[in-house]
Amino acid sequence: MATKEEQQAYAEKIKSIQPKPPYVLNCLKAFFIGGIICTIGQAIQMFYMTYFNFTQETAGNPTVATLILIAALLTGLGVYDKIGQFAGAGSVVPVTGFANAVTSAALEHKSEGLVLGVATNLFKLAGAVIVFGAVSAYVFGMIRYIFQHLT
Amino acid sequence: MEFFWAFVVGGAICVVGQLMMDVMKLTPAHVTTSFVVIGALLDAFGIYDNLIKFAGAGATVPITSFGHSLLHGAMASAEEHGFIGIAMGIFELTSAGISSAVLFGFLVAVIFEPKG
């Protein structure tokens with residue numbers, strides 16, 4: 001086994017040989033695709049506000065659910081991964097990326113059966129988001145609650 | 001105009017994620033978990049609500065809004081039930097997102113075959 005120092009030295013050594021990612025181009029792609037997904041979200045939100053009497057605050061929920069449905073379908077069709085290869089973070093950061101993580105993990109393990117394959121692996125990738133989200137919301141919520149009741 | 005700001009703000013949040021992936025060499029999973037924590041943190045200071053008012057879906061569609069909704073549900077329930085309410089309300093606003101992700105993710109995995 002290599003020691004920690006050796007590992008660090010190796011990481012330093014290969015750093016100079018690794019190809020630099022095209023920062024500006026990647027950012028432009030992420031901006032463009034991420035922006036388009038949010039614009040579609042805005043259109044869906046306005047649709048729910050106009051035809052189903054949702055308010056600005058409550059329209060977020062059905063909008064997110066609709067985007068998740070679209071992203072899950074696109075993942076099943078194999079389209080979302082192609083978008084992801086082009087867009088990088090532009091397809092990861094929107095909530096559609098969350099749906100993609102759920103669906104692709106489930107699809108990947110389909111051969112192991114419905115219970116042990118699909119159902120157990122559904123949150124294999126996306127579970128981290130829920131765990132960190134719930135823990136941080138609990139901690140921040142406690143802090144805010146204490147502050148509100150001290151002052 | 002709403003569409004313009006949704007595009008710009010949503011795109012800008014994705015650029016931050018892209019920079020975290022390229023410059024800090026984080027995996028997509030690390031980026032999304034960081035964004036959820038950042039969203040909850042911004043909501044703790046009341047900043048995220050202003051961003052939603054300004055950018056609409058540009059702020060509600062990125063995963064940061066998941067953290068914001070978690071804390072929002074917790075605080076709304078805490079006003080009714082005291083500090084026990086924090087645990088009761090955490091998933092109140094995000095239940096639509098989580099249940100639809102479970103439902104649609106499961107159905108798609110059952111119907112479609114894995115590609116490649």
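How many residues does helix H8 of chain A have, and how far does this helix reach from its first C-alpha to its last? In this predicted model, H8(A) covers residues 127-150, which gives 24 residues. The helix reaches 35 Å from end to end, close to the 34 Å expected at 1.5 Å a residue.

Several residues of this helix are tucked away from the surroundings in the sense of being buried: Val129(A), Ile130(A), Gly133(A), Ser136(A), Ala137(A), Phe140(A) and Gly141(A). An α-helix has 3.6 residues a turn, so residues three or four places apart point the same way. The packing partners of the buried residues of H8(A) come from both chains: H6 of chain A, together with H2, H5 and H6 of chain B.

Helix H6 of chain A (residues 95-108) also packs with helix H7 of chain B (residues 95-111), at an angle of about 40° and with the axes 9 Å apart. That angle is why H6(A) counts as oblique to H7(B). The crossing is right-handed. On the side of H6(A), the residues in contact include Phe98(A), Val102(A) and Leu107(A), while H7(B) offers, among others, Ala101(B), Phe104(B) and Val108(B). Sorted by class, the residues of this contact are eleven nonpolar, three polar and no charged.

Turning to the two chains as wholes, 62 residues of chain B are in contact with 61 residues of chain A. Among the elements that give two or more residues to the chain B side are H1 (2-22), H2 (28-44) and H5 (64-81). H1(B) gives the most, with 16 residues. That side of chain B has 45 nonpolar, 14 polar and three charged residues.

Terms used: Residues numbered from 1 in each chain as written. Chains lettered and ligands numbered in written order. Predicted model: local features only at pLDDT ≥ 70, side-chain atom pairs only at ≥ 80, totals over all residues. Axes fitted to C-alpha atoms, helices over the stretch in contact; angles between N-to-C directions. Helix = DSSP H or I, 4+ residues; strand = E, 2+ residues; numbered from the N terminus. Parallel < 35°, antiparallel > 145°, perpendicular 65-115°, else oblique. Left-handed = near helix turned anticlockwise from the far one by under 90°. Contact = placed C-beta atoms within 7 Å. Nonpolar A, V, L, I, M, F, W, Y, C, P; charged D, E, K, R; others polar. Expected span 1.5 Å × (residues − 1). Buried ≥ 20, exposed ≤ 12 C-beta atoms within 10 Å, placed from the backbone.
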